[in-house]
Each structure stands twice: as structure tokens, then as C-alpha cells.
Number of protein chains: 4
Amino acid sequence: MVDSAGGKEKLGYLGLGLMGLPMTKRLLGAGYDVAVWNRSPGKANALLEAGAKAAVSPRDVAAHASIIFMCLTDASAVEEVVFGDNGLSGADGNGKLVVDFSSIHPDKTKSIAARLKAANGMGWIDAPVSGGTKGAEEATLAIMAGGEAADVERIRPYILAMARNFTHMGPTGAGQMTKLCNQVIVGCAMAVLAEATRLAVNAGIDAKRLPEALAGGFADSIPLQLFVPRMAQGIHSPPLGHIHTMLKDLDTVVAVAQDTSTPVPMAALAAQIFRMGKAVRGADADALEIYKLSAPKE
Amino acid sequence: MVDSAGGKEKLGYLGLGLMGLPMTKRLLGAGYDVAVWNRSPGKANALLEAGAKAAVSPRDVAAHASIIFMCLTDASAVEEVVFGDNGLSGADGNGKLVVDFSSIHPDKTKSIAARLKAANGMGWIDAPVSGGTKGAEEATLAIMAGGEAADVERIRPYILAMARNFTHMGPTGAGQMTKLCNQVIVGCAMAVLAEATRLAVNAGIDAKRLPEALAGGFADSIPLQLFVPRMAQGIHSPPLGHIHTMLKDLDTVVAVAQDTSTPVPMAALAAQIFRMGKAVRGADADALEIYKLSAPKE
Amino acid sequence: MVDSAGGKEKLGYLGLGLMGLPMTKRLLGAGYDVAVWNRSPGKANALLEAGAKAAVSPRDVAAHASIIFMCLTDASAVEEVVFGDNGLSGADGNGKLVVDFSSIHPDKTKSIAARLKAANGMGWIDAPVSGGTKGAEEATLAIMAGGEAADVERIRPYILAMARNFTHMGPTGAGQMTKLCNQVIVGCAMAVLAEATRLAVNAGIDAKRLPEALAGGFADSIPLQLFVPRMAQGIHSPPLGHIHTMLKDLDTVVAVAQDTSTPVPMAALAAQIFRMGKAVRGADADALEIYKLSAPKE
Amino acid sequence: MVDSAGGKEKLGYLGLGLMGLPMTKRLLGAGYDVAVWNRSPGKANALLEAGAKAAVSPRDVAAHASIIFMCLTDASAVEEVVFGDNGLSGADGNGKLVVDFSSIHPDKTKSIAARLKAANGMGWIDAPVSGGTKGAEEATLAIMAGGEAADVERIRPYILAMARNFTHMGPTGAGQMTKLCNQVIVGCAMAVLAEATRLAVNAGIDAKRLPEALAGGFADSIPLQLFVPRMAQGIHSPPLGHIHTMLKDLDTVVAVAQDTSTPVPMAALAAQIFRMGKAVRGADADALEIYKLSAPKE
């Protein structure tokens, strides 16, 4: 698996969206050889100028690379790239590894990984990310991995060109499961911070100063610093995220909690609050517009 | 208000408990003149060796100092120290300021401050703290203040000997209100992290590694780093805090939310979860024992 | 206590509102001697024609009657009638009984009853009612009583002229406590039926037929039959009750649950839903307008 | 479809469990010709003595009858009886109707009905029931139907031998959807009544008398009369229903609410309370043991 150029493996990246583009730039910047592919081809141009190689299909990427990264919108996009026409499953998979940064249901991840292994022997690491586009651009992402320990160590040096934090959480699916735990915390934080902000406003104190006042204490977090001023000032554009995206993740949490007999009253309530927000504000509204659900009547 | 010794005011501190002791040490360490008093006198000894002056009553402290700090357990302790025998209200209050670090109901704060002002002209700043005993020892507390802007600026240099963060949030009561917002966030975080931890455990991933995996991302916070390993490993002694303490604060939040017509579904649910924890585990159990409410049947 | 006219006691009624008027008519219709008083005097005219005696004050009612009924809007109205100028406490109370149909906080009831007993020896029965104005007109009310068993039996024949159902629940305050249990059930039923109705509508079935389909089963109740068609058809005028009234009762439930260490997650959530309804629809909106909180975006 | 014996169709019944047995007895008692089948054959004996005809398979039932009733435990049992070896789909289905009393997911119902129609032309009515074994024995069931209006009218006379209440709610799946609305109401009622009962007990009033006190009012219902005394007295055997059964239904409600963008905060919280009950008391505990979640520490 080690090529002639300094002990490095050849890499691939499928899906050059808001996350894939800056992550690939970091790989190129670290001197790696990266073959790229995107459904709409125009996206790759900036990367090709930076030294990436153009591939004509996922299968073509797999022909050039031994480690194939991908970041796609949902499970059906992942399935299409893996099992569709000219997909990864059609390539020679021996000794090769897929690293999937997408956030999908843990059970789906397990089933796709098993099917691909059976088809051509390719390995799989689920590696969803936290940190958003800002984290991707600054290479400060937190990435949580599920899969074989040896595979996780094999990709670690490449991952660390794109992330600050890379943790092996368990077997296949454990990365997705960890991401769901992340979403429990972040989704609930949105609903809770909306309440704290509204309480401050209704009690006549300056909600915009809450982040400063609580900085460094138990209540502090990136969401406190980022979300509270936006809600207090009515800034919802561009959205930090869409209501339907957070709702989809919390609905998955609730479903996984059903399957694992785990009571999750706070997350289940947060899901319903986002669902109410979707009914009232629309699916594409900024996730923080749930704050408006408690707006006083004018 | 400036005394002859280098432009500094003389200080007092009432209540030398887990917070008051280390905070007073910091004042002494910064070279200030501090008169101290505690209900049970033994507590003051270490401070007297460090240079504090012993006072025989709150009124005696007020006779020596122009700025009187206090950190007490609840509203009735504050009322006793202010209006009881040999209380602050019996002293000459002209130009003097009380700075109350205790966490009490905002309405109570307003009424005590108004009564004291009427009694002897003393000013009042409510200044509840966040950061716990560790923050007090390391002088890294976050302190949120309510009161007159000029009074807040007058005490800032002394406060910064004890805290990293001192924010003026509005008129009298605004500090207490801000502390309640803090408790909304921290109390809900406990309930939410209990769910995320249980979900991880039930799904078969290593919950103890969640803090590492999510470090630096949107889900990160001191509670994530501190609470999750304790719950996952069943460490509840010494308690980080008692169930009844967090429950009392969340009940106050719910009451203030009633008074201000603020919907707080997440905080109200968290209060009920702590109340269930109190029923099942006892009032003095560690607050994080709410995690055990979802323990699988053996 | 038994007068010359056929073994019956003389009665009084204070507060001739939507409940007091029809209840007094029933007492008169059963042949009882009733002295009446109302803050605004015009209300009594129809009753005077039907044979009631006009009294000039609560104290005057107590001079004519040995059992004094009252139905007032809130605790301060009760206190005014009992302890205000020319109030009941100024009369000779020996052997006399107050029967209070108002819904007020159990602790308030206990304190008023104790003060009145100390003032003039009058007894007290708290006897809040369920069934609304329709129940008052048709004498089908359910009345739940707190007080001495002998007192409860003494008033039973008079009560049964106004109610179908009269139950002794325990000592003073027990009637109010039972009414709170009633409100837990009715307030939550409103929130739950709003969800069931919305689910039916969104799934494309005819929600107006739910009452018929579920009649006679475990899901059946007066609220099912009465509320669901109103929500499904958007009928909110005249209101069945105001949002702020149900919210006040649920807030009292939550407060009493705090005092008695009782976890009430469903009631606490319902309270927050009504609070959200108050924010969005206004305090005087029909209580069932909480249904509109989940209205799809147009 | 009308046979020679008095204009009546020939009937069949599949699944002779706690519901099927008494329902079939009612059909026989009304003079209908009924062919019966059960997976374990012994169950049919009492019915054969009462005049039922024994069939050797579902397909055999369909050969003898034009209307085939069934009441089975879950969707996979329904699928087995319809599409398995010697299932209904193997019979000549022309002009015949299946009436399914089982409670299964509305989408599953729609897909089974469509597949069977395509296989052999048989019609389908989903007709879940409410009222339990008591309702089946006394023929007082409430049955809610989805399907073609003409089909619903065709079966009405037979249904009314087994039920008091038979309502057509809409197309295929509408009966199942209505049953889910029923379960929203009943499942939440359990959780709410547990709170009201605990509140009464903790406040020192006699909870066992709540049903009597609230009879005939807005809070009255079969669950009030049946559940509260059982919880107050700790009667959980034989169970009225299992925790896992109610939890399964509420989880289906939450899933269908996701699919239809319907906020259901109360139902979602009730589901989590039953999930907590499952964790603490076990899946097979009586559903009303959720009451014990708030038991005071001994």
C-alpha cells in the first residue's frame, strides 16, 4: 500500500461540496496525491489547478487510489457512489479502504460496509465529522471513527491533515453512533439556549451579553458564543443550518434510542420543538428560528 | 471612598465557606485590607494569619469597610446578615456598597436591596458566580452583576482579584437573572449528557471516550469533559453537586418563567427529571445520579 | 342549627356570577330559604323574584344564614369577602359553616380557614366544582370537598340540590387538591387531543369523526366529544375557557408538585405548551387554540 | 355473494386468541356460518362445539367464506397468513373481502392490501378495535374502519354482532391511523393519571376516591375509573397491558408523526416515560407500573 513517493499512499476524494472542497485542499496542501470526482464536474476545477487528478467515476478514483474519502449528503448518495454504475464496488478492492465522512444511520453504515466487503473486499471506516465548514477550512475538525483499529491507524496521518481530533470509537457504525451523541448534545443545546435567551429578554436583561458573562464557566460552549447573539438579534441568514437537517438527525436519534431501549426525554422533546418549528417557520428556515416559537404576541 | 493607603478602599467579607475562604485569600494576596466575619468563628483563623482583620458582626465589618462582599447559602441567610441583630442595616451605610455573591431569587434581591437602601443608604450589587470552588481557588470565576453602572466599575478592580470574568448585565436583580440563565444551560446539560452517555453505552460504544472524540466541536463544554466520564464510570462521590440544589435552581427558573410569560419546555422537563431523581435516589444524591434513572433492569 | 320550617337550615350565597346564579336558583327551587349578596347588586334581581332574600353585605348574609355558600373568582376575592369590611369574620360565627366553591391554592384555603376559625369560630369546607356553567344549570356538577366529616354530611342535602356528585376527600384543602388533580387531567387532555386531532388531519383522515369512532372506548371522554370537533373545525368562540385560566391552574399544579416532591413531567410540559400558546395567541384566546401551535406553514 | 340461507354471506375467522375466540362466539350466536382456523389447532374446539366449521389453512377458510375476519399479533403474522404457504393469496379471491382487526402500521396495511389485491383480487378493510377482551366478550367493541365505502357497508351487519360502534374513517389505512390516534389518547392518559394519582397520594388525600369524586366531569373516562385505583393500591396482576405493547404503539405514533410532519410533544414524552418504565420495571411489566417511576425513596 506504500507507493514510491515517500511512503505515502495515493488518495481519492468523492463529493466536492462545502466540506469536500476544503478538506481536499488540505490534503493537496500536505503534499498528497489525490484523485477527485464529483457528480457535477465543475466543482473540481479549483482542485485540479491545485494539483488534484481528475477521475471520471468513483470506480476510476478507486483505480488510482488505495484510500478513498467521501463526504455525501445522505445514505442514498453513498449507496449510489458505492453500488451504482461505475461505483466503487466495481473496482478491484483488495487492500483498499473507504473512509466515509457522511452522517448516516449506523445500521445503514453497517449494511453498506458489509455488502461492499462481500462484493470486492474493500474495507470501510465510518468517520463523521463535527465542526462545520469553518472546521473544514481551518483543518480543526473533530472526526469520530468506527472500524478496525489497524485501518484507523493506517489513515490517521492523512486525517490529521484535515482534522485536529481523530478518535477511534469502536467497530463499524461506532463513528455514526458517536455523531448521533454529538447531535443529541448540539440539538438540545439549540433548544435550551433559545429558552435561556428568551428568559433573559423577557426579564429585561441584555441577552447579547450572556456569552460574555458566562464565558469560561460550565455554561460556556461554542453554541453559547455563536447562537445566543444570533437569536437575540434576529440574525438567521445565512442559516447556520436548516431546521429539517437538525430534525432529521434528532429523529434518527429517537429511532436509534427505540432500537436500543434508551430513554431520551430531552432529545425527544427537542425533536418535537424542531418539528413545531418546521410546521411554523418551514423546513428550510434557520435551525435557530425555533427561538421565534416563543415570540410574544404583537 | 479612597483611603490613604494607595488609593484602595477597605474591604469586608461575610460568610467564609467553600467559596468565601478562597475568595478572601485572593483579596489578601492582592494586598487588600479585608475585615472578615463568619457565623461560626473558627473558619476565620487561616485568614487572620494571612492578614485579615477579625470583626465581631456584619455591622462591625461595615464599620471597617466601604465595600462588603458576602457569599451565603440562601435568601434567609442574606436577610439575617443584613437585617438581623448587629446586621449591616444597623451600620452607617453612606457611600458603602454590598456585593452579594449568593444565588437567590431575583425578586428577593430587589426587595432586600431596596429595604437596605431605605434603611441606611447602602448600595447593592448582586453578583452571583459561576465556576465552583475550583474557580474560587484559581481566581477564574465568572461573575455576573446587577446594579448601578458606576458601582460596578467601582468594584471591578477588587473583583478581578477573584475572577477572570466580570460582566455588568443590568439593574439590580440582573445578576441573579443571568445566573438563572446559567442554570437553565447547566441543568439541561446534565440531563442531556445523561441521555447521550446512556445512548452510547446501550449502543455498545465506549462512552468514556466521548469527551475526547467531541473535544473542540459544537458539543464540547466543561460539563462534557467532566460529567460524562463520571456517569459512565459511576463516580458520584464526592458529589459535584446535590440533586436538591440543581432542582431548587430549576424550580426557580420555572417560577420566573411563569412570572415573565416565558415558555421553557426543556428546562421544565429537566426540573421534572431531577424531581424524579430526588424521589428515586434521594435529595442529597449527586446531581449526576439522574443517569441511573435509565439504568437497565438487572 | 335546625330552624322551625321543616328541619332545614337557612342558607346564604355570596357571588352571583355564571356559577352562583344557577346554583342559587336550584336551592330556591328545592324550597330552601336563601339570603344572597353580590358585589354588583343588579345580579340578584332575578333571584329576588324567585324568593331569595337580599342581604347588604357578606356579614349580613351570615346574620341570616347558618350555611354560607360562595363562588368567587380568586383567592383575593375570597379574602375580601371573609376579612374585608362587613366581611364574614365580623359576624357571630358560632356553629356556622362557610362552603367555598371557588378554586384556589390549597395552602391559601388552609390559611383562610384557620384565620376565620380563630376570628369567630366559623367552620370551613373547600368544595371546588367541576362541570362548568352547563353543570350548574342542570345541577349535574361534581363537587369535591375538604373539611370535617360531620360538616360535610351536614351540608350534603343542600349540595345535592346543586350537584350530582359530592365526595369527601379529606381535611381542609383536600377539595382544592382534588380539583388540581382534575386540572392535571383536563389540561393534559387538551394538549393530547390537540396532537391526536392534528395527527388525524395531517394523515388525511376525517378528524371530526374521531369522537364517533372512539365513543365508548378507553379514549372516550367529554373532552374527546367536545374538544376535537371544535379544533378540527376552528371553532374558538365563544371560548370554552381561556388560555390564561388553564395556564394558571397548571402553574399551580407545578408549584404544588414542587412542594410535595411529586414528578409531573406531562403536566409540566402541558403548562409550557399553554405558555407557548399564550405567547403566540394571547392570554384571552380560547384554551383550545393551542391546536394552532402546530398549524402547517401556509 | 348472498347464499341460500337467508341472505347471509359465509364467514371465516383466522386467529382464535383472546379477541378472536369471543368475537367468533358472537358471530355463531347470531346464527352465522363461520369457518375457523388457528395456528395451534386446540384453540378451535370450543367453537366447533358451538357450530363453527374447521378449516385446515387460511386458504381453506377463503374457499369456504366470502368475508374473512382476522385478529393477529403483528404485521409479520398478518403477512404469513396472507402470503405464506396455503395463505389467503393462494385462494380464488374474486368478490371476497378480508377484514383485519389487528393493529399494525398504516403503511404496512396499505402495502399488504395492495399486494393481495394484485395477487388474487381480494378486497381489504383494516378494522382495528378498541375495548379489549371485555369489549369482545360483551360485544361492545369500538371498531374503526379503512377501505371502500361499499365494502364497509357490506360487512356492517356482521360487525354489529361483535361491536357497538363501527365507523368508516377513510380509505385503506385510515382504520389503523385512527387506532394510532386512540393510542395517543390512551397512552398519554396512563402517564397523566399516574401523575394525578401520585400528586394526590403525596398531598395526603385519598387517591382511591378520585374516580368517584371526578365521575361525570371533564376528567372522567374509563381509564380514570379503571387505572387510578389499580395504581393507588399497587394492583398490577394480571396486567391490563404490557409496557412493551403500549411503548410499541407510541413509538409507531412518533414515527408516523415524523412522516406526516406532526408535532406530538405529549405523545413523544409519554413514549419516553414508558421507555424509562421498560428500563426500570422490564418490558413485560404492567403498563401502569410507570406509576412506580415516581415512588419516593424508602
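In chain A of this predicted model, helix H8 (residues 174–202) packs against helix H12 (residues 265–281) at an angle of about 60 degrees, with the axes 9 Å apart. Helices here are DSSP runs of H or I with at least four residues, strands are E runs of at least two, and both are numbered from the N terminus. Axes are lines fitted to C-alpha atoms, for helices over the stretch in contact, and angles run from 0 to 180 degrees between N-to-C directions.

H8(A) and H12(A) are therefore oblique to each other; under 35 degrees counts as roughly parallel, over 145 as roughly antiparallel, 65 to 115 as roughly perpendicular, and the rest as oblique. Their crossing is left-handed, a term for a near helix turned anticlockwise from the far one by less than a right angle, with clockwise giving right-handed.

Which residues touch? On the H12(A) side they are A:Met266, A:Ala267, A:Ala270, A:Ile273 and A:Phe274, and H8(A) offers A:Val184, A:Gly187, A:Cys188, A:Met190 and A:Ala191. Contact means heavy atoms within 4.5 Å. By class, these residues are 9 nonpolar, 1 polar and no charged. In that scheme Ala, Val, Leu, Ile, Met, Phe, Trp, Tyr, Cys and Pro are nonpolar, Asp, Glu, Lys and Arg are charged, and the others, Gly among them, are polar.

Chain B has a pairing of H8 and H12 too:

| Helix pair | Angle | Axis distance |
|---|---|---|
| H8(A) and H12(A) | about 60 degrees | 9 Å |
| H8(B) and H12(B) | roughly 60 degrees | within 9 Å |

H8(B) also passes H12(B) in a left-handed crossing.

Now for charged pairs. A salt bridge needs a side-chain nitrogen of Lys or Arg within 4 Å of a carboxyl oxygen of Asp or Glu, and by this rule there are 44 over all chains. One of them joins the side chains of A:Lys53 and A:Asp33, at 2.9 Å from N to O. This pair links distant parts of the chain, 20 residues apart: A:Lys53 lies in strand E3 (residues 53–54), and A:Asp33 in the loop between helix H1 (20–29) and strand E2 (34–37).

Finally, the copies. Chain C is superposed on chain A by a rotation of 180 degrees with 0.1 Å of shift along its axis (RMSD 0.1 Å), using least squares on the C-alpha atoms of residues with pLDDT of at least 70 in both. That is the relation of a two-fold axis. In chain C, the C-alpha nearest the axis belongs to C:Leu293, 4.3 Å from it.

Residues are numbered from 1 along each chain as its sequence is written, and chains are lettered from A and ligands numbered from 1 in the order in which they are written. Local features need pLDDT of at least 70 and side-chain atom pairs 80 or more, while totals for chains, interfaces and linings use all residues, and side-chain values use heavy atoms, without hydrogens or water.
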